[in-house]
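Visitor: Could you take me through one part of this model at close range, and then show me how the parts around it meet? I would enjoy one connected tour.

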4 protein chains.
Amino acid sequence: MKNQIQKIAVLTSGGDSPGMNAAIRAVVRACCFYKVECIGVFRGFQGLVEGDFEPLGARDVNYIINRGGTFLKSARSDAFRTVEGRQSAYRNLVDADIDALIIIGGDGSFKGGMTFNQEFNFPVITIPGTIDNDINGTTHTIGFDTALNTVMEAVDKIRDTASSHKRLFFVEVMGRDAGHIALNSGIGCGAEEIIIPEENLGMERLVETLKKSKASGKSSSIVIVAEGEKLGKNVFELADYVEKNLPEYDVRVSVLGHMQRGGAPSCFDRVLASRFGVKAVESLLEGKSNFMVGLINDQVVLTPLDKAVKGNSGIDWDLLRISDMISI
Amino acid sequence: MKNQIQKIAVLTSGGDSPGMNAAIRAVVRACCFYKVECIGVFRGFQGLVEGDFEPLGARDVNYIINRGGTFLKSARSDAFRTVEGRQSAYRNLVDADIDALIIIGGDGSFKGGMTFNQEFNFPVITIPGTIDNDINGTTHTIGFDTALNTVMEAVDKIRDTASSHKRLFFVEVMGRDAGHIALNSGIGCGAEEIIIPEENLGMERLVETLKKSKASGKSSSIVIVAEGEKLGKNVFELADYVEKNLPEYDVRVSVLGHMQRGGAPSCFDRVLASRFGVKAVESLLEGKSNFMVGLINDQVVLTPLDKAVKGNSGIDWDLLRISDMISI
Amino acid sequence: MKNQIQKIAVLTSGGDSPGMNAAIRAVVRACCFYKVECIGVFRGFQGLVEGDFEPLGARDVNYIINRGGTFLKSARSDAFRTVEGRQSAYRNLVDADIDALIIIGGDGSFKGGMTFNQEFNFPVITIPGTIDNDINGTTHTIGFDTALNTVMEAVDKIRDTASSHKRLFFVEVMGRDAGHIALNSGIGCGAEEIIIPEENLGMERLVETLKKSKASGKSSSIVIVAEGEKLGKNVFELADYVEKNLPEYDVRVSVLGHMQRGGAPSCFDRVLASRFGVKAVESLLEGKSNFMVGLINDQVVLTPLDKAVKGNSGIDWDLLRISDMISI
Amino acid sequence: MKNQIQKIAVLTSGGDSPGMNAAIRAVVRACCFYKVECIGVFRGFQGLVEGDFEPLGARDVNYIINRGGTFLKSARSDAFRTVEGRQSAYRNLVDADIDALIIIGGDGSFKGGMTFNQEFNFPVITIPGTIDNDINGTTHTIGFDTALNTVMEAVDKIRDTASSHKRLFFVEVMGRDAGHIALNSGIGCGAEEIIIPEENLGMERLVETLKKSKASGKSSSIVIVAEGEKLGKNVFELADYVEKNLPEYDVRVSVLGHMQRGGAPSCFDRVLASRFGVKAVESLLEGKSNFMVGLINDQVVLTPLDKAVKGNSGIDWDLLRISDMISI
């Protein structure tokens, strides 16, 4: 490691999330502020392996704060999973006089960054960018807030038609391993039931809730289901089961899908991404490495990378309790 | 038929669409203006059969112009398909001193209305409310414009993530028998290909287009598919076929589903619904019956109901040509 | 004029409107389709005078269909109002081997184009792009539909707070010389009164309407006012007058301003812009000149430029009648 | 005070904010859950004075979680500022067997609640509902997050037109005494400068920033100004000053106004309101009084009411530093 950081590379990796562009912009502009060069790496780790670099100046990130996706692109990289691939990446960085690397992405990308740091003692700081919010060391990942609003607005629309026809909708949202999106959007759209990986309700409980909901005079019902097999069933099987056991319900399924990953970022995510981007640059300049930038108690703080990748942040069980209470 | 219309009933039937509430509001307020009573019928034809009526005054339709769905609800009615059911409906109308009926809905609802009119010589005017835009005698149905924006905004979000990952998305939109939604939203979101029921491209053409799109340097592609089996394949089978034949593509599928039916209506739909609602009332007051209100050449006009229900309006083939030209 | 058009320039001029980028994209892509070169002129007529040109290929207009504003920029040009300026513009076009010019803008820009065509016999086709919808020869200008939705969504928000506090809001919208925005958005948001330049209601009528509205039990009122001095008063003076004469009202003013010009274009505007752009190119290739592309009876047609610039399209008086009827 | 709370009244007071309805819904549903009666008080303190009460059951708050404003209405109450008024309020509560009061509103409303509690020893819990976020004891007030998105989306639109014309816009946002909205939305929309009541930049600094911005090649600039007289000037005077001193800028002003208070609440605000509403009911049932519910370190906690009303929460100065750094 050189004494001083004079050139910083930034890449986005893994599933994209709204606000990644805002984070890149903050990294680039913070580099300008501190008179450090900034290099954009295209297509994540694959771009490292291939040396797909481009210098980024303050004007190159004009008008991207409001764009979904990532203009640096993201991609899977099988090459980076090999020693040879990572050696190629390291040579490319060294050849380009790059002193440090900022990785914007999720859990898997952080592990890649950690391995790279260990093998080559190359300074790495990571920024949590994923809609799933399933990262230790931060209460909010970039894109989570936007995804919640996207889901909620879609379900508000579904509620219109559900209530016009007195129907029951099963709506599948993202979050295979973490129920954050389902739980928060479920409360936000007043879902009658929320099914998340962290909790095994059992099918009887679901049927009971829906029976009660019908009895209470509700003219429509929404069940939010985090993707993946829940209770041993996917969302279509869940719907089938309920339709058979509660024939009074007219059941429909909607899988929201990839639109949850896109869209203009919310103000929350833009501000968060801006704070994270600046902090990442400043941490590198202070000689820090192998940390993730995160938000804890509304403060931007660092968490050692090995802690950040250890399982996800855990849901707020009190939210589940509140949802049960007020979705009657 | 009495000499004068003094009480008008209004119902919504079939799939709901954004703007139905705005149409109901216009009917109610126009009745107030002409000092005619207005009766809301709940749950479509089923509410006619059961006599589920409620008087509606000007204040009962406050703050509904901006709401998706229909506050009068909609429902299937097996009873109304029987002679006994329709007789019950007629008796309920007569018992309530109702002189005429306004039906807001689609093709199927219009046929029900036509039958009812023929059997009992009961004055009926219909208003086209469906997102599919598949009605003869009007260039725009209520809800179509809103649905286009809903689809387009969802696909704009999908484009963000598609372009970040250089992916190909097959997006299924509504319109089983009519390609209006697919065609217009497809142009609106710059889809590389649009697959509609009115045209049999053949799989080779699809594969050709996608090859050309890749060759031209596009970093992502969107194919909009109207729901239903197209080219002998559903959207998932289409995607599979392409993935096998174009392994260079990373393919994903998104089925937009019922969110397309909901949401706050666009200004276009609110204005259209307002014009249609007023015209329906005025037509009844002029002694007209058995007509559909529609928009032709930007004018609100009447079309005989039997013409309106005869097949759908046909797509604008020039749009398809334009789409092919500019989606390169 | 050469026998054949081989190079077409395109510029945007006057106030920008949502959908201009979609129109540019369609022009560029249609040129590609017909194997004609396309040149972008930056900053409107000023760019013509200065020769601020850049070739545009299919990939240069990626991802702009959904962007508000115009990436070619717009600007006032005093130089182009002079003979010398226009001569310079002509020389620049000739020097760059450009054979024809497409102008996207409003009334004022069309007059500039017409003068230029007359002076140099240079082929010109124009495309109506303005939120005001005040152009003869087209029922819809590019951006009008988007602006209606922008205004309506803003007023929907204002209605929330108006109704919570039982207030009366005067909301000023754009359209100094034409009431199209005020009239359509006014119906769309259920405004109690709409004040447009085409109609002189007189202050008494306004006061009467508001008295009636109060008496009818309404908990809030919205008056939409087209910008400019109406009834001899600006929107603040109107509000003052009403507050003095109807002390029972708690009056507020909101001037929506320039946000009305921006935003992602609606699907309607994107499709319209796409159709107009293609038609403009095809018209030039067919040897047409001095026409405006427009929409009449849902068909894209040409109108001689001198007719297009002769006063604006006139409001639909029936809309005003309907608004009065259903805003009770 | 009775031993047990069996009937709880809820009211909204002061300026409305998006999410108030969600908070009312949570209060009502939590009351149902704990088998406690819930009474809605209309028009804030004025409704207390007049006894404008209505029982609220679970179904009465259907479909309001997504609505801006407050269906219980809000109003100024001069009567409640008098001892007689408050005595009348107390009698009405006692006559209706109401045991406790939940007040949703801002600083001023909390002071009213505190006085009432002191005079009559009547149990009061308050919930912070204001877009201004200017309350001690909570990092977020209900409506703040929604208002940020509303402002940001409006400014994104203004940016479209600003950048098309290379203009400088002064945009006035709400927050007379607190710069939270200006600061966060300013970062979110990439504003070149943010002017807030907490900081006196001086006019020279503003002019310097704008000069630098121009020099750096920016094609448009946005200055966000918190309402009220800043630097001794209102937003129009600021704009005039800059136009005179920086004639190279084409300056415009936009005052966003009351639309900032309305609109469907964001997911963040709906979840926050739900948590606050439940906590308020549970606190009363635990015998607590004279507290405000708030969010600190992502936990819902209580703050003594006299602390909550003591000045506002203070801005995060680090945000200002970040804004300066990345808005270059």
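Guide: What follows starts with the strands of one chain and then turns to domains and chain pairs. Please keep in mind throughout that this is a predicted model.

Let us begin with the open sheet of chain C, which is built from four strands in the order 7-8-6-9, with parallel pairing. Strand 7 (193–195) and strand 9 (250–255) of chain C are the edge strands, and each has a single partner strand, so one side of each is left without a neighbour in the sheet. From one strand to the next, the twist averages 20 degrees.

Now look at the edge formed by strand 7 of chain C. Strand 7 of chain C runs parallel to strand 8 (residues 221–226) of chain C, and three bridges join the two. If you want one position to click on, take Ile195(C): its bridge partner in strand 8 of chain C is Val225(C).

A helix belongs in this view too. Helix 8 (residues 235–245) of chain C lies across strand 6 (167–173), strand 7, strand 8 and strand 9 of chain C. Relative to strand 9 of chain C, helix 8 of chain C runs at about 175 degrees.

Elsewhere in chain C, strand 10 (residues 291–296) of chain C takes part in two pairings. With strand 5 (residues 124–128) of chain C, strand 10 of chain C pairs in the parallel sense over two bridges. Here Ile125(C) has Phe291(C) in strand 10 of chain C as its bridge partner. With strand 11 (residues 299–304) of chain C, strand 10 of chain C runs antiparallel, and six bridges join them. Leu295(C) is a good place to see this pairing, as Leu295(C) stands opposite Val300(C) in strand 11 of chain C. Strand 10 of chain C and strand 11 of chain C make a hairpin with two residues between the strands, and in this hairpin Asn297(C) takes a positive phi near 50 degrees.

Let us move on to chain A and its domains. The domain assignment gives chain A a domain 1 (7–143 + 265–308) and a domain 2 (147–261). The centres of these two domains of chain A, taken over C-alpha atoms, are separated by 35 Å. Where they meet, 10 residues of domain 1 of chain A are in contact with nine residues of domain 2 of chain A. Between them the two domains of chain A bury about 750 Å², with 51% of it on carbon and sulfur atoms. On the side of domain 1 of chain A, the residues that lose the most area to domain 2 of chain A are Asp16(A), Ile131(A) and Asp132(A), together 58% of what that side buries. As for polar links between domain 1 and domain 2 of chain A, there are zero salt bridges, while two residue pairs are in polar contact (both at pLDDT 80 or more).

Next come the contacts between chains. Chain A puts 52 residues in contact with 52 residues of chain D. Chain A and chain D bury about 4100 Å² between them, and 57% of it is on carbon and sulfur atoms. Cys267(A), Met325(A) and Ile326(A) supply 15% of the area that chain A buries against chain D, more than any other three residues. Six salt bridges are found across the interface of chain A and chain D. One of them to inspect joins Asp316(D) and Arg275(A), with the closest N and O atoms 3.5 Å apart. The elements that give two or more residues to the side of chain A that touches chain D include helix 1 (20–33), helix 5 (144–165) and helix 11 (317–326) of chain A. Helix 9 of chain A gives the most to that side, with eight residues.

We can finish with chain B and chain C, whose contact takes 52 residues from each. The area buried between chain B and chain C is about 4100 Å², of which 57% comes from carbon and sulfur atoms. Between chain B and chain C the count is six salt bridges, and Arg321(B) forms a salt bridge with Glu282(C) at 2.9 Å between the closest N and O atoms. Chain B and chain C also have 24 residue pairs in polar contact (both at pLDDT 80 or more). Helix 9 of chain B, with eight residues, gives the most to the side of chain B that touches chain C.

Terms used. Residues are numbered from 1 along each chain as its sequence is written. Chains are lettered from A and ligands numbered from 1 in the order in which they are written. This is a predicted model: local features need pLDDT of at least 70, side-chain atom pairs count only at pLDDT 80 or more; totals for chains, interfaces and linings use all residues. Side-chain values use heavy atoms; hydrogens and water are left out. Two strands pair if DSSP finds at least two bridges between them. Axes are lines fitted to C-alpha atoms, for helices over the stretch in contact, and angles run from 0 to 180 degrees between N-to-C directions. Contact means heavy atoms within 4.5 Å. Domain bounds come from an automatic or database domain assignment. Buried area is the accessible area (1.4 Å probe) that two parts lose on being put together, summed over both. A salt bridge is a side-chain nitrogen of Lys or Arg within 4 Å of a carboxyl oxygen of Asp or Glu. A polar contact is a pair of N or O atoms within 3.5 Å; within protein, one must be able to donate a hydrogen and the other to accept it, and residues adjacent in sequence count only if both atoms are side-chain atoms.
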